[in-house]
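Please look over the structure below, with its sequence at hand. The text that follows leads through it part by part.

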Amino acid sequence: MIFNESPRRKQINELVAWGHWFALANILMALVISSVYLLSSPISSTPISIIYMFVTWIGHISFITFFGFVVLLLPLCYKIKQPRILRVFGSAIAAIGLALLAFDALLYNKTGFHISFSSAALVRSETEGHMGAFNWLQWFYLLLLVVVWLMFQLVLANAIHKRIKRFMKVHIGIYASSAFVFCFVVSHAIHVWADAKLYAPVLQQDNMLPLSYPATAKTLMSRIGVFDLQDYKQRQNLQFNDDNYSFDYPPKPIYCSVDATQKLLFLSLRNDTLSFVPEGLMDNGFHFVSSTLKSDYLMSVVYGLPQGFLPSVANTQPVTLALSKAFNLDVSMYNHKTSNQDDAENKPFYSSNWNSFISKLNEQSSGLFMATVTNQELASIDLKALSLSTKILFVAKPEDSAFHKLYSNLPLKTDMSTTEDIAPTILTELGCNAAPDNYSIGQALQSPTRAWAVSTQGRHLIVVHKGLITEVSKNGSFEIRDYMTNEKVLTEIDTNLLSRSIKHITEFSKQ
């Protein structure tokens, strides 16, 4: 007796075959989109790490794409009887999935972390400023892009459906799936070996891909209770390279002008505490100053860079001074720790006699004045009178405070700042509209774009956010302090924010 295949069974076979071919097409597109992760990560330095990078990329992306097909689309092949409706559902699922992958890839390229529940607040803070600046035309283009992307998926789905009988005769499924499974297994095997050997070139790629949790030797050891996996993962996530950076300064050309009629003063009270409230100036809250900055403090201020970057820029003129001189804005600088005999032309910043500095400050109607002073020198400046004709930024540590504060008569929109923010704030006030990221790791305090700040203290990374200072060493150990009291705080570290901070401070040298 011969049994003919029922029409419904034949239809299901064709729909399942269509689903597999549609999934394969989207796997290939996902691989193209996810190549951004590879381009955004440090270049692998050894043959094994290069092999691992490619096999984990192919294996992992193909796995999560096919897993999405199995979970979301395959059940519909058996439930939905109308192929047209199935193709619409499949196209919508694919369009949304690949759009999320593209957004995550761009987020990783910019910040160094992926979309997750724990990073939701940070993602919102990173995007709300950019989204808020969108006008109606940009929103229209974005909506049009979404529609075009969905239409492309519909065209692809229909094209595969029309040719499904021909594709069903092509038996490449076993070869494609074998290749993807091979890459997936090999990548995990290499990672287990690398983890057991602490092979850094491979382990550094752990956070490269989204939803990536490769098998490790440490995981196997933790199952039998001989290894603290939680502590290991936390320390591994917190590690960063604190070697001195070498790069061209500024990393990008600076195209802007400054107003030579302006008069601006930056003062910092060093090695003393402030015994009075500066009249004529507003208290702009906490200001982080690295305790390891000594005679190089003013150099860090002028460049807008942390201490670890300074050796790489010592022989180049800071943008702050170069632009001021180019537009004939007179610059006077005084560092109470620097000899008055220093060669003004061969130093990144120059010194002058204090009496000469204060005389020019009182007599000139324009100019940029920057100085580190003692209480005795500060007493010779009438800040209240000066604030009527001069824009002032004043950093000092009050006697009754555990931290430095920033005082100013400028319209600053922040209650938290760092040494690296001074240079962008000065240039913005002088009329330079160049992006601060082109010459500094700080931000202009007149219009800050981040709710957090990053700096260094010796060989430690410093992240300031929501009233807390997080200090991380190279080996991953960390300490969190309340900057109002400088007391330790027992709280979980925000690894997403830390990843974003490391990305920000390292990408400056790679522009």
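**A walk through the model**

S10 and strand S11 (residues 478–482) pair in the antiparallel sense over 5 bridges. Strands here are DSSP runs of E with at least two residues, helices are DSSP runs of H or I with at least four residues, and both are numbered from the N terminus. Two strands count as paired if DSSP finds at least two bridges between them. The model is a predicted one, in which local features need pLDDT of at least 70 and side-chain atom pairs count only at pLDDT 80 or more, while totals for chains, interfaces and linings use all residues. Residues are numbered from 1 along each chain as its sequence is written, and side-chain values use heavy atoms, with hydrogens and water left out.

Within the pairing of S10 with S11, leucine 468 stands opposite aspartate 482. On the other pairing, strand S9 (residues 460–465) runs antiparallel to S10 and is joined to it by 5 bridges. Here histidine 465 has leucine 468 of S10 as its bridge partner, and valine 464 has isoleucine 469. The hairpin of S9 and S10 has 2 residues between the strands. Lysine 466 lies in that loop, and its phi is positive, near 50°, although the residue is not glycine. Most residues other than glycine have a negative phi. Lysine 466 counts as exposed, with a relative accessibility of 70%; exposed means over 50% relative accessible area, buried means under 20%, and partly exposed lies in between (1.4 Å probe, protein chains only).

S10 (residues 468–472) is itself largely enclosed by the rest of the structure, because 4 of its 5 residues are buried. The wider setting is an open sheet of 5 strands in the order S8-S9-S10-S11-S12, with antiparallel pairing. Its edge strands are S8 (452–457) and S12 (487–488), each of which pairs on one side only. Helix H18 (residues 495–507) packs on this sheet and touches S8, S9 and S10, with its direction at about 65° to that of S8. A contact means heavy atoms within 4.5 Å; the angle is taken between N-to-C directions on a scale from 0 to 180 degrees, using axes fitted to C-alpha atoms, for helices over the stretch in contact.

Charged side chains come next. Side chains of opposite charge can pair when their charged atoms come close. A salt bridge is counted when a side-chain nitrogen of Lys or Arg is within 4 Å of a carboxyl oxygen of Asp or Glu, and by this rule there are 7 salt bridges. Glu471, Glu479, Arg481 and Lys488 are linked in a network of them. In this network, arginine 481 bridges to glutamate 479 with its closest N and O atoms 3.1 Å apart, and lysine 488 meets glutamate 479 at 3.3 Å, N to O. How accessible is arginine 481? Arginine 481 is buried, at a relative accessible area of 10%, glutamate 479 is partly exposed at 27%, and lysine 488 is exposed at 65%.

Another salt bridge joins lysine 384 and glutamate 279, at 3.5 Å from N to O. This pair links distant parts of the chain, 105 residues apart: lysine 384 is in helix H16 (residues 383–386), and glutamate 279 is in the loop between strand S1 (263–269) and strand S2 (282–288). Both residues are partly exposed, lysine 384 with a relative accessible area of 48% and glutamate 279 with 49%. The loop between S1 and S2 also holds asparagine 271, a non-glycine residue with a positive phi of about 60°. Asparagine 271 counts as exposed, at 58% relative accessibility.

Two helices remain to be described. In helix H13 (residues 319–326), the buried residues are Val319, Thr320, Leu321, Leu323 and Ser324. They pack against helix H11 (297–303), strand S3 (331–335), strand S4 (367–373) and helix H17 (422–429). After H13 comes asparagine 328, whose phi is positive, near 60°.

Helix H1 (residues 7–40) has 34 residues, which at 1.5 Å a residue should span 50 Å, and this agrees with the 50 Å between its end C-alpha atoms. The expected span is 1.5 Å times one less than the number of residues. H1 bends by about 30° at isoleucine 33, the bend being the angle between axes fitted to the seven residues ending there and the seven starting there.

For the whole protein, the secondary structure comes to 18 helices and 12 strands. Of its 511 residues, 48% count as buried. Among contacts with a separation of 6 or more, 71% are between residues 24 or more positions apart.
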